[in-house]
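Trainee: Could you take me through this model and show me how its features are to be read?

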Amino acid sequence: MSNNLIIINAHIVTPQGRTARKGEAMNELLNIPCGTVRVTDGIITYVGENRISHEKPGYKVLDARGNVLLPGFVDSHTHLVFGGFRPDEFIWRLNGDSYMSIMERGGGIINTVRATREASFEELKHKAEWFLDTMSRMGVTTVEGKSGYGLDRDTELKQLSVMQAVNECPDRKVDIATTFLGAHALPEEYKGRSDAYIDFLINEMLPMIHQKQLAENCDIFCEKGVFTVEQSRKLLKAAQALGFGAKLHADEIVSFGGAELAGELKALSADHLLQASDEGIKALAQNNVVATLLPLTAFTLKEPYARGRKMIDSGCAVALATDLNPGSCFSGSIPLTFALACIYMKLTVAEAITAITLNGAAALGRADRIGSIEAGKQGDLVLLGTDNPHILPYYTGMNAVKLTIKGGRVLH
Ligand code: NIG
Ligand code: FE
């Protein structure tokens, strides 16, 4: 398949820049009603009016017929490599159990840890590729993938190696940005010894993963009953010292100081933030930490939505992601994410587009390479089936994507 592509007659809609867009700037999109994008060897080499000749040998030409062309979507928070499923827990929650009460009984994340330890490399890879194919059809061209269902050396490495193997396929549909989430829960072997587990992650796991180049970023579930703010600070500082970007599952269930810590550490992102305090929101804005909001999780857990409108009005850079995982949110639906963000978090369509493209890229430390339609960035693009970008939340929970383009290759 050729990586040289010229798209003509496109309604180009894109944020611009190589860093996250904050506050009001999230609304500022470049809008070219009838434009051309050229991709050469997988990289964008022209964006502008329909001026350049499209008669170029060696290029495939695609007529967008006035339809909307966006940057490929960046789903910057998922747990897509895991064994088993947890439908029983979903039913228990429908009957009134809470997410944390199931976790306290030894279910939840630990349940998936057992299944992931038992699963073979091939099983995990096959399942991850199924999710990636589905997400690609919804316009996703880069996804974040976390470990965190092993909680021991070999299984954490197995999860990360699955993602590495996907990234090594030349015809992959989606790139995976890998995140080490060894501090997702306390494994049974370390019961009552959570400080010792954090030390194990710092002294053994982080240096090994760094040396093998198996992850770019490091994350922790900083939450009451899981890991404390102090433990999170210790782990993430050690990770940053090795060159990993820091990310946190922060203030998901209770207000716990996770957003404040993210600000203090100048983390790449703080994620969830359903219960983030006003002080925490200020800390994110002042320290350029991307606030990654996951509306599908709030929806599935029947929790209040994160205060997206307030965060943007306070000057935060907000990203949107799915949180696809077998427990709190078994959905990777980009269309539903758009709808919930606009309806319940009160984002404008332009803000939601920025959140799921450029700001998602920034939350992964990749805004220099992806997240907007600009010369020099990867030719990762999404063509909608209409000329109006408002279709994204309006066509509620339905897929408005007609074509996904990865590095100049038209996929589907
Ligand atoms: O982002 N909250 C922690 N981690 C995931 C849930 C993982 C699971 O339940 O398996 C989340 O919601
Ligand atoms: Fe998560």
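Mentor: We shall go from the overall chain to helix packing, and then to single residues. Please keep in mind throughout that this is a predicted model.

Trainee: Which helices and strands should I expect, and how compact is the protein chain?

Mentor: The secondary structure of the protein chain amounts to 15 helices and 16 strands. Its radius of gyration is 20 Å, close to the 22 Å that the globule rule gives for 412 residues, so the chain is as compact as a globular protein of that length. Taken along the principal axes, the box filled by the C-alpha atoms is roughly 65 × 45 × 45 Å. Buried residues make up 55% of the 412 residues, and, among contacts with a separation of 6 or more, 73% join residues 24 or more positions apart.

Trainee: At what angle do the axes of helix 6 and helix 7 cross, and which residues make the contact?

Mentor: A crossing is read from the angle between the helix axes, where angles under 35 degrees count as roughly parallel. The axes of helix 6 (residues 194-212) and helix 7 (residues 229-242) come within 10 Å and cross at roughly 15°, which means that helix 6 is roughly parallel to helix 7. The contact is formed by Ser194, Asp195, Ile198, Leu201, Ile202, Leu206 and His210 of helix 6, together with Gln231, Lys234, Leu235, Ala238, Ala239 and Leu242 of helix 7. By class, this contact has eight nonpolar, three polar and two charged residues, and the crossing of the two helices is right-handed.

Trainee: How do helix 4 and helix 5 cross?

Mentor: Here the axes of helix 4 (residues 121-137) and helix 5 also come within 10 Å, but they cross at roughly 55°, and the two helices are therefore oblique to each other. Helix 4 passes helix 5 in a right-handed crossing. On the helix 4 side the residues are Phe121, Leu124, Lys125, Ala128, Glu129 and Leu132, and they meet Lys158, Gln159, Ser161, Val162, Ala165 and Val166 of helix 5. Sorted by class, the contact has seven nonpolar, two polar and three charged residues. Helix 5 (153-167) also serves as a packing partner, with helix 2 (99-104), for the buried residues of helix 3, which are Ile109, Asn111, Thr112, Val113 and Thr116.

Trainee: Which residues of helix 12 are buried?

Mentor: Helix 12 (residues 334-343) is mostly covered, with seven of its ten residues buried, namely Ile334, Thr337, Phe338, Ala339, Leu340, Ala341 and Cys342. One of these, Ala339, is touched by Gly397, as are Ser333, Pro335 and Leu336, leaving aside residues up to four places away in sequence. Gly397 itself lies in the loop between helix 15 (391-394) and strand 15 (401-406), and is partly exposed, with 14 other C-beta atoms within 10 Å.

Trainee: What should I make of a positive phi, and are Gln213 and Asp323 buried or exposed?

Mentor: Most residues other than glycine have a negative phi, so a positive value deserves a second look. Gln213, in the loop between helix 6 and strand 9 (217-222), has a positive phi of about 55° although it is not a glycine. With 10 C-beta neighbours inside 10 Å, Gln213 counts as exposed. Asp323, in the loop between strand 13 (318-320) and helix 12, likewise has a positive phi, near 70°, whereas its 28 C-beta neighbours inside 10 Å make Asp323 buried.

Definitions and conventions:
Residues numbered from 1 in each chain as written. Chains lettered and ligands numbered in written order. Predicted model: local features only at pLDDT ≥ 70, side-chain atom pairs only at ≥ 80, totals over all residues. Axes fitted to C-alpha atoms, helices over the stretch in contact; angles between N-to-C directions. Helix = DSSP H or I, 4+ residues; strand = E, 2+ residues; numbered from the N terminus. Parallel < 35°, antiparallel > 145°, perpendicular 65-115°, else oblique. Left-handed = near helix turned anticlockwise from the far one by under 90°. Contact = placed C-beta atoms within 7 Å. Nonpolar A, V, L, I, M, F, W, Y, C, P; charged D, E, K, R; others polar. Rg over C-alpha atoms; globule rule 2.2 N^0.38 Å. Buried ≥ 20, exposed ≤ 12 C-beta atoms within 10 Å, placed from the backbone.
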